[in-house]
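Student: I am meeting this structure for the first time and should like to study it by question and answer. Please begin once it is displayed.

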Amino acid sequence: MNTILIVDDHAGFRVQARALLEADGFVVVGEAIDGASGLTAARSLRPDVVLLDIGLPDIEGFDVARELAIDGPPPLVVLTSSRDASDFGPLLTNGRQLGFIPKDELSGDALRALLDAA
């Protein structure tokens, strides 16, 4: 499991996340700037993992994760945000996502730890 789609509305974060994850051996197969384009990209690219920002401009990341779960075998979804996990409460544990990694803690090791626990 090493193909990743990055869905985030901040270009700088997408560039940084791609470089960091590719340096750690992951293959970034695409990027999307909002929820709608993220859903389209996930359906066409079929990544193993979607790194998904919670605060997207059009559709909240939690809703995107729910939509992805409807489409046959879903990719694993890892949510990310610049906000603290405690800001989201039970939404992080009751949803369709594998886990959460704060943006400032994103690393190949952190992502691998979630994937290994799946």
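Student: Not counting residues up to four places away in sequence, which residues does Leu 45 touch?
Tutor: This is a predicted model, in which local features need pLDDT of at least 70 and side-chain atom pairs count only at pLDDT 80 or more, whereas totals for chains, interfaces and linings use all residues. Residues are numbered from 1 along each chain as its sequence is written, and side-chain values use heavy atoms, without hydrogens and water. With contact taken as heavy atoms within 4.5 Å, and residues up to four places away in sequence set aside, the residues that Leu 45 touches are Leu 5, Val 29 and Gly 30.

Student: How far apart in space are Leu 45 and Val 29, C-alpha to C-alpha?
Tutor: Leu 45 belongs to helix H2; helices (H or I, at least four residues) and strands (E, at least two) are DSSP runs, numbered from the N terminus. In sequence Leu 45 and Val 29 are separated by 16 residues, and their C-alpha atoms are apart by 7.1 Å.

Student: Is Leu 45 buried, partly exposed or exposed?
Tutor: Buried means under 20% relative accessible area and exposed means over 50%, with partly exposed in between (1.4 Å probe, protein chains only). The relative accessible area of Leu 45 is 38%, so this residue is partly exposed.

Student: Why do the buried residues of H2 lie on the same side of the helix?
Tutor: The buried residues are Gly 35, Gly 38, Leu 39, Ala 41 and Ala 42. They lie on the same side because the arc that they cover around the axis, taken from the directions to the C-beta atoms, is only 170°.

Student: Which residues are exposed on the other side of H2?
Tutor: The buried residues of H2 are covered by elements including S1, S2, S3 and H3. On the other side of the helix, the exposed residues are Thr 40 and Ser 44.

Student: Which residue caps the N-terminal end of H2?
Tutor: The loop between strand S2 (27–32) and helix H2 (35–45) holds the capping residue. One of its side-chain oxygens lies 3.5 Å from the backbone nitrogen of Ala 36. The residue that caps H2 in this manner is Asp 34.

Student: How far from Asp 34 is the nearest side chain of opposite charge?
Tutor: Lys and Arg count as positive and Asp and Glu as negative, while His and the chain ends are not counted. Asp 34 is buried but has no salt bridge, which is a side-chain nitrogen of Lys or Arg within 4 Å of a carboxyl oxygen of Asp or Glu. The nearest side chain of opposite charge belongs to Arg 14, at a distance of 9.1 Å.

Student: With which residue does Arg 14 form a salt bridge?
Tutor: In this pair the closest N and O atoms are 3.2 Å apart. Arg 14 lies in helix H1 and its partner in strand S2, so the pair ties together parts that are 17 residues apart in sequence. At 10% relative accessible area Arg 14 is buried, and its partner is Glu 31.

Student: Which residues are joined into one network by salt bridges that share partners?
Tutor: Glu 22 and Arg 18 meet in a salt bridge at 3.1 Å, N to O. Both lie in helix H1, four residues apart, about one turn of the helix. Salt bridges that share partners form one network of Arg 14, Arg 18, Glu 22 and Glu 31.

Student: How many residues apart are Lys 103 and Asp 8, whose pair links distant parts of the chain?
Tutor: A salt bridge of 2.7 Å, N to O, joins the two side chains. Lys 103 is in the loop between strand S5 (99–102) and helix H4 (108–117), and Asp 8 is in the loop between S1 and helix H1 (11–23), a separation in residues of 95.

Student: Which element gives the largest share of the largest nonpolar core?
Tutor: A nonpolar core is a set of buried Ala, Val, Leu, Ile, Met, Phe, Trp, Tyr and Cys residues joined through side-chain atoms within 4.5 Å. The largest one has 18 residues, and among those that touch the most other members are Val 50 and Leu 68. Two or more residues come from each of strand S1 (3–7), H2, S3, H3 and S4. The largest share, four residues, comes from H3.

Student: Against which elements do the buried residues of H3 pack?
Tutor: In H3 (residues 61–70), Gly 61, Phe 62, Val 64, Ala 65 and Leu 68 are buried. Their arc around the axis is only 160°, which puts them on the same side of H3. They pack against H2, strand S3 (49–53) and strand S4 (76–81).

Terms used
Polar contact = N/O pair within 3.5 Å; in protein donor to acceptor, adjacent residues only side chain to side chain.
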